[in-house]
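Work through the exercises below with the sequence and the 3D view at hand. Try each task before you read its solution.

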Amino acid sequence: VGESWPLTLNRMRREASALREEFAVCPEHTPEVYVYDEKMSVMAMQYLRPPHTIARKLLYTGSTPDFFGPHVAEFLAKTIFMTSRLASANDEAFRKLASENANTEMCALTEQVIFTEPYIVASNNRWTTPQLDADAAELREDVALHAGIAALKRKFVEANEALLHGDLHTGSFMLDLEHQTTYAIDPEFAFYGPMGFDIGAVISNLLICFFSQDGWEQVTGEDRSKSREFLLEAVKAVWDGFSSRFVELWKQREAERKAAGEAHVPASDAYMRKYMRELRADALGFSGAKMVRRIVGIAHNADLEEIQDADARAKCERRVLALGRRLVTNARDVVADDDENGVDALVAAASALRG
């Protein structure tokens, strides 16, 4: 967040370690680390040569790379499942990895700026003023919202489910539109935490970009209907692709355990469906938390920040806040547990907010 918030060199160690672990399970979407010297805090890694570009600006300026959603889904499924207890050899091995990959300093920062400050008076907070002054004040008085964010905060602090990137947004991916490649970068916030956190982070950024398109359309005069359609399809592609690939990997691991004669109670299809429904609710809740913090917290998205017309920007931001608040308060109110249609209801809710 800048020079005013200095952090230790441990962040470099965590980034190098996370990149290596992600590369081990998903080399097609992770740059390779060649050398890391902890004493010197030096890392040599794969050069993502031009035309690789940060995804965020490509998306909010109107690019529609159809490969992006499926690539993100594959990265999420492989890195989350393969580092989870579901794939681990045993409890002891998993707990050892989770302990070795503790990232206390960066997690404390995340906890502060996502789960606490946006809901109180804090010097780090900022928003489009005066347009959103009343909206920011409402956040500080919404008791149901506070209960929702408290539950998400507890999950973030207590659930060591898998190795996460920890700060996975559209600015954390580099794309080559010509060769259709996608790489996830900058996992300095990596830690063992709740699976839904990374998934929700990506979905929130796609939705923020979706809501920003009306502002860009207004200030540029360009028709952004194609971009809006693409971004909502990308939301569905991320969840649908992730969930199907995750379950596929899970079933493969179950078959391996059975073949090896492990003492293991197999996961039934019914249990897998229940597990994925709960994971979806977690992901949508965390998505809402990310949406709220990007409007009134310390760190904002260029998707909206670069819209110079404050009234046009605030109109978009208010829609982000509206959906974010619903998701934090009760994600299951947006996508019901018994909904078999992925995140279609979320996409419908986002569309409805445009009027």
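**Exercise 1. Place His71 in the chain and decide whether it is buried or exposed.**

Step 1. Find the element. His71 sits in helix α3, which spans residues 68-82. Helices here are DSSP runs of H or I with at least four residues, strands are runs of E with at least two, and both are numbered from the N terminus.

Step 2. Check the cover. The relative accessible area of His71 is 18%, so this residue is buried. The cut-offs are under 20% for buried and over 50% for exposed, with partly exposed in between (1.4 Å probe, protein chains only).

Step 3. List the neighbours. Leaving aside residues up to four places away in sequence, His71 touches His29, Gln180, Thr181 and Thr182. A contact means heavy atoms within 4.5 Å.

**A note on the model.** This model is predicted: local features need pLDDT of at least 70, side-chain atom pairs count only at pLDDT 80 or more, and totals for chains, interfaces and linings use all residues. Residues are numbered from 1 along each chain as its sequence is written, and side-chain values use heavy atoms, with hydrogens and water left out.

**Exercise 2. Classify the ring pair of Tyr60 and Trp216.**

Step 1. Recall the rule. Rings of Phe, Tyr and Trp (its six-membered ring) pair if their centres lie within 6.5 Å; planes under 30 degrees apart are stacked, over 60 edge-to-face, and the rest tilted.

Step 2. Count the pairs. The structure holds 20 aromatic pairs.

Step 3. Apply the rule. Tyr60 and Trp216 are 5.4 Å apart centre to centre, with 15° between the planes, and the pair is stacked.

Step 4. Locate both ends. Tyr60 belongs to helix α2 (residues 55-60) and Trp216 to helix α8 (residues 196-220), so the pair ties together parts 156 residues apart in sequence.

Step 5. Check the cover. Tyr60 is buried at 7% relative accessible area, and Trp216 is buried at 12%.

**Exercise 3. Do the same for Phe156 and Phe197.**

Step 1. The ring centres of Phe156 and Phe197 are 5.1 Å apart and the planes meet at 50°, so this pair is tilted.

Step 2. Phe156 lies in helix α7 (residues 143-158) and Phe197 in helix α8, 41 residues apart.

Step 3. Both are buried: Phe156 at 3%, Phe197 at 1%.

**Exercise 4. Which residues form one aromatic cluster?**

Solution. The members are Phe81, Trp239, Phe242, Phe246, Trp250, Tyr271 and Tyr275.

**Exercise 5. Describe the whole chain.**

Step 1. The chain has 13 helices and 7 strands.

Step 2. Of its 355 residues, 53% count as buried.
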